[in-house]
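The following exercises are to be worked with the sequence and the structure in view. Each task is followed by a solution in steps.

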Amino acid sequence: MGNGTAAPADLDMQLEKYRVELTGYCYRMLGSSFEAEDAVQDTMVRAWRGHDRFEGRSSLRSWLYRIATNVCLDMLTAGGKRARPMDLTESTPLARAALAPRPDNTWLEPVPDGRVLPTVEDPAEAAVAKESVRLAFMAALQQLPPKQRAVLILREVLAWKASEVAELLGTTVASVNSALQRARATLAEREEAGARADVSDPLDEEQRKLLERYVKAFEGYDMTALTALLHEDAIMTMPPFDLWLTGPADITGFMATTGAACANSRLVPVEANGLPAFAQYKPDPEKGGFAPWAVQVLEISAGRITGFHCFLDTQRWFPLFGLPLHLEGEADQVQQGG
């Protein structure tokens with residue numbers, strides 16, 4: 001990767017230490033797991049090439065964050081913000097449900113926890129990191145102008161001081177505080193409008209049992225059992241389609257009709273967006289065994305499933321999570337990837 005500059009021999013190792021946390025930062029900024037990895041790679045290349053100009057006036061970590069922020073801000077000037085189906089359209093009644101896909105760059109993307117959540121000793125810090133990659137928070141972040149987004153993430157998620165953020169962005173402390181205030185106000189409005197997932201970390205006994213019942217109901221395609229697990233305002237989404245459904249009757253009605261081929265699926269647990277998640281494989285009539293169908297990310301609150309989000313682009317998601325593209329026999333033979 002070098003280009004003849006006098007970089008220290010262990011620079012690669014020094015940079016690599018920050019890859020996961022930088023990927024988490026870029027993911028929160030961009031809403032895309034793939035774009036985040038591209039942004040971090042670009043950051044690493046720029047850091048390597050510019051290392052002879054890095055005079056050590058700041059720490060290597062803050063220098064990398066400055067580069068990553070500039071990379072993300074450049075990427076965000078080029079395109080629109082990513083969203084969930086419910087950010088773009090009204091809920092569709094089952095009778096009018098139609099599967100209309102939108103381009104990949106429309107959607108907020110899922111991400112494996114292991115790629116964006118560094119191991120930290122402090123449980124409170126770990127909990128904040130997890131909450132800050134959950135789908136609802138990520139969707140709210142995407143509503144903020146890019147600089148406000150950077151300020152909010154650096155101050156609230158990563159606990160940087162206002163003076164450090166001001167230095168990174170080349171602005172004043174007053175400007176940082178003002179941006180933070182506006183960002184908080186926008187997020188507070190969205191929080192009132194949308195339910196939050198209150199997932200314990202680690203999952204508590206009630207949540208574990210709820211997920212066990214969910215797996216049994218889904219794999220058995222038992223709509224009565226599934227109805228009992230869904231909150232009355234539960235939402236189902238299926239990017240890349242912009243359709244979203246509300247309430248157990250429409251969700252199970254859709255699953256029993258348009259989604260009937262998902263009967264007898266297998267679910268393999270994965271870790272995505274700080275939330276309970278599963279890789280869904282459905283029966284493969286051509287090859288036998290099971291074919292990948294969706295990465296399901298669940299939001300749960302007060303003992304019920306409130307969000308049921310199925311990301312269907314399996315050729316992208318399953319390799320990202322380290323999952324095989326075919327299952328022979330039973331799902332419990334598969335080792336979890338990611």
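**Exercise 1.** In this predicted model, determine whether Gln-280 is buried or exposed, and identify the side chain with which its own side chain makes a polar contact.

*Solution.* The relative accessible area of Gln-280 is 2%. Buried means under 20%, so Gln-280 is buried. The residue is found in strand 4. Its side chain makes a polar contact with the side chain of Gln-296, at 3.0 Å. Leaving aside neighbours within four places in sequence, the residues in contact with Gln-280 include Phe-218, Trp-293 and Phe-318.

**Exercise 2.** Check whether the end-to-end distance of helix 12 (residues 205–219) agrees with its number of residues, then describe its N-terminal end and its buried residues.

*Solution.* Helix 12 has 15 residues, so at 1.5 Å a residue it should span 21 Å. Its end C-alpha atoms are 21 Å apart, which agrees. At the N-terminal end, Asp-204 acts as the cap: one of its side-chain oxygens lies 3.2 Å from the backbone nitrogen of Glu-206. Just after the helix, Tyr-221 has a positive phi of about 50°. Among the buried residues of helix 12 are Leu-210, Tyr-214 and Phe-218. The elements covering the buried residues include helix 13, helix 14 and strand 4.

**Exercise 3.** Describe how helix 4 (residues 60–78) and helix 9 (residues 146–157) pack.

*Solution.* Their axes are 10 Å apart, at an angle of about 150°. The crossing is right-handed. Helix 4 contributes Tyr-65, Thr-69, Leu-73 and Leu-76, and helix 9 contributes Pro-146, Lys-147, Arg-149, Ala-150 and Leu-154. By class, this contact has six nonpolar, one polar and two charged residues.

Technical notes
Residues are numbered from 1 along each chain as its sequence is written. This is a predicted model: local features need pLDDT of at least 70, side-chain atom pairs count only at pLDDT 80 or more; totals for chains, interfaces and linings use all residues. Side-chain values use heavy atoms; hydrogens and water are left out. Helices (H or I, at least four residues) and strands (E, at least two) are DSSP runs, numbered from the N terminus. The expected span of a helix is 1.5 Å times one less than its number of residues. Buried means under 20% relative accessible area, exposed over 50%, partly exposed in between (1.4 Å probe, protein chains only). Contact means heavy atoms within 4.5 Å. A polar contact is a pair of N or O atoms within 3.5 Å; within protein, one must be able to donate a hydrogen and the other to accept it, and residues adjacent in sequence count only if both atoms are side-chain atoms. Axes are lines fitted to C-alpha atoms, for helices over the stretch in contact, and angles run from 0 to 180 degrees between N-to-C directions. A crossing is left-handed if the near helix is turned anticlockwise from the far one by less than a right angle, and right-handed if clockwise. Ala, Val, Leu, Ile, Met, Phe, Trp, Tyr, Cys and Pro count as nonpolar, Asp, Glu, Lys and Arg as charged, and the others, Gly among them, as polar.
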